Amino acid sequence: MAAEDLPSQFDVVILGTGLTESVIAAACSRVGQSVLHLDRRNYYAGNWASFTFNGLLSWIEQYKNQQEVQITELEQVWRSLIDEGEDAVPLSALDSSISNLEVFCYASEEEEKEEEMKTPLSSFQPVNAETVSEEANGDSTEAHDTVTGDDTTASDAKTPNEEHEVSEPKEDQHTSDISEPSQSQEEKESQLSSSPADPPVEVQKKITYQKLVKEGRRFNIDLVSKLMYSRGALVDLLIKSNVSRYAEFKNIGRILTYRNGKVEQVPCSRADVFASKQLTVVEKRMLMKFLTFCLDFEQHPEEYQDYTEKPFREFLKNKKLTENLQHFILHSIAMVTQHTLTEEGLKATQHFLRCLGRYGNTPFLFPLYGLGEIPQCFCRMCAVFGGIYCLRHSVECLVVDKVSNKVKAVIDTRGQRISCSHFVVEDSYIRDEQRQSTAYRQISRAVLITDRSVLPSESDQQISMVTIPPLESSAPAVRMVELCSSSMTCMPGTYLVHLTCSSSGKAQEDLAPVISQLFHVSTIPGEEPSEGAEERSKPAVLWVMYFNMRDTSALDSSSYSLPSNVHVCTGPDDSLCSDYSIKLAESVFHHILPDEEFCPPAPNPEDIIYDGDGPQAEGPGFDESTNTEADKSLAEEEGNSEPAEMDSVTQQAPLDMTPASEE
């Protein structure tokens, strides 16, 4: 919507489209509040965003070229709009939440090598697609590859979600690739009948930088890496509000850990424990007995009351658990530190166990197309109920009434004064002089594109969560999520790997030692390890980005010198899940509207009555742009990042978190 078209009054103005702000926008709009949702960026989700590879390269360039905006002339404009008895609180025009950004490319940049490997790569892709389609029952990423590369399986593999989200732009993007496999059908058939073990290795090692750029639209790279507990606050909210219809999820297939120089699978469910070859029979019994105790440990306080003020690790030792079991429980099930107290460790273990089995054999879900889809889902809900969205549009200052010390209006970057009752703002828009303290925690992040999994298995289409204990006593524990192409976050033949830890220094200093332990990092781009070298067994890093992200989750309203009706939303924290952000959103909502229900369920499309015409026949879901003008406006803004309409999480099969559309 153009600035001159904006109404002059709203109940709530929200600045920033991160997860917390988007949930608040949806909740306020759902109960009838008029909402104006702005973001100075040209994309949704802020620091929760997902980018294509090419989009990420553009984002990196914007970061490097970012400078403080000269606001002298703009200040004269908004100063003239301040009346007597009012004061102005200027906002920051510079985003300083990201720092120490470094990028390294280890893939070959020689175009000739890409040409040499084109035929093997093209012939391998349909093999990969067909294998996955059999194993994952029509998984949407590989199904799309099958549609473009092999028309004979199109009717079986193609889903309405793909048509809605990605199929059209990706056909344009891959026109040059599609023609080659279709011209070499004999090669494809020979690949099907041959062993698939060798071609993947050969093809993956020959992926070039030009190939990554060319296939860039297949990547969806998150700035923040989180998973969703199947019984966590975010999943519960998605189900309760019916926002889950706008997204699609895949369950994490396995939990891994790094121990004694190698990656091992963690037995966490009953079936895993009894099938594990890493545990002895005695260890299996001990582990099952301990996990059973953790499920209702509150009923047996005598078991742990002597250790309530002692570390969880000491309690595990007291239970006579072996080093093997202590490692699995501490780092991969409870996922706590060496210093975590016993009761907190027991609660973490209990939460992990209660999330098992709801949708799969691990507790975690991941949204297809990346975590950036989730804020967009809530933005869509807000738009459906009348919220107005403007990207590349910000607020210059707040207009504060001196008597009540409350914000009564905002002045935007186009010089328009807009009245509001409440103002919700992302932390990165707040200036340092409006903070009580500028000492922040930091999160260290690394994003890798690799050529194969850290732990190859029969299926190469598994999402893995890897826990890496501190390599040194002073180093932080590292959490790693490895995403396959069926998560719709990377091109076939590659893996997208996210590493996260609390910062003790620059991101590269924190995470490069871990990466060198688990991956082969070449000294010369495109160089392969020598024959017989230990490095040859490791996945090769093709591209890596390091950066630090500010963690302001420890701050609360008392940390800012702002009017009482200004509500600050902190950015992503360093935890594995998003529960903190959801609870913060609910807290802010109840502060604004204490008597309203937080995110009540949206009605089903067939139950909506238009102008008294009676219930409508069952038809398309909420994502259809014909429903409302506001929704249409949002869809146009989102472009290729528009979230696909999906069925609710609750309708999915227990072991396959890629739900089939029922429409």
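**Exercise 1. Classify Met335 by its accessibility, then describe its backbone and location.**

Solution. Met335 has 23% relative accessibility. Buried means under 20% and exposed means over 50%, so Met335 counts as partly exposed. The structure is a predicted model. The next step is the backbone: phi of Met335 is near 55°, which is positive in a residue that is not glycine. Most residues other than glycine have a negative phi. As for location, Met335 sits in the loop that joins α17 (323–333) and α18 (342–355).

**Exercise 2. Do the same for Tyr369: is this residue buried or exposed?**

Solution. The relative accessibility of Tyr369 is 3%. The limit for buried is under 20%, so Tyr369 counts as buried. Tyr369 is not a glycine, yet its phi is positive, at about 75°. The loop that holds Tyr369 runs between β11 (364–367) and α19 (373–384).

**Exercise 3. Determine which residues of helix α2 are buried and where they lie around the axis.**

Solution. Begin with the helix itself. Helix α2 covers residues 53–64, 12 residues in total, and spans 17 Å between its first and last C-alpha. That is close to the 16 Å expected at 1.5 Å a residue. Its buried residues include Phe53, Leu56, Trp59 and Ile60. Because these cover an arc of only 110° around the axis, they are on the same side of α2. An α-helix has 3.6 residues a turn, so residues three or four places apart point the same way. Finally, list the packing partners: the buried residues of α2 pack against β3 (50–51), β5, α12 (209–214), β6 (221–222), β16 and β20.

**Exercise 4. Give the strand order of the open sheet with 8 strands, and identify its edges.**

Solution. The order is β5-β20-β16-β19-β18-β17-β9-β10, with mixed pairing. The strands that pair on one side only are β5 (98–105) and β10 (262–265), which are the edge strands. From one strand to the next, the twist averages 20°. Within the sheet, β16 (residues 441–450) and β20 (residues 541–551) are antiparallel and share 10 bridges. Leu448 has Val544 of β20 as its bridge partner.

**Exercise 5. Find how helix α20 is placed relative to the strands.**

Solution. Helix α20 (residues 507–518) lies across β5, β9 (254–259), β10, β16, β17 (464–468), β18 (478–483), β19 (495–502) and β20. Relative to β20, helix α20 runs at about 145°.

**Exercise 6. State how many helices and strands the protein has, and what share of its residues is buried.**

Solution. The protein has 22 helices and 21 strands. Of its 663 residues, 57% count as buried.

Terms used
Residues are numbered from 1 along each chain as its sequence is written. This is a predicted model: local features need pLDDT of at least 70, side-chain atom pairs count only at pLDDT 80 or more; totals for chains, interfaces and linings use all residues. Side-chain values use heavy atoms; hydrogens and water are left out. Helices (H or I, at least four residues) and strands (E, at least two) are DSSP runs, numbered from the N terminus. Buried means under 20% relative accessible area, exposed over 50%, partly exposed in between (1.4 Å probe, protein chains only). Two strands pair if DSSP finds at least two bridges between them. Axes are lines fitted to C-alpha atoms, for helices over the stretch in contact, and angles run from 0 to 180 degrees between N-to-C directions. Contact means heavy atoms within 4.5 Å. The expected span of a helix is 1.5 Å times one less than its number of residues. The arc is that of the directions from the helix axis to the C-beta atoms.
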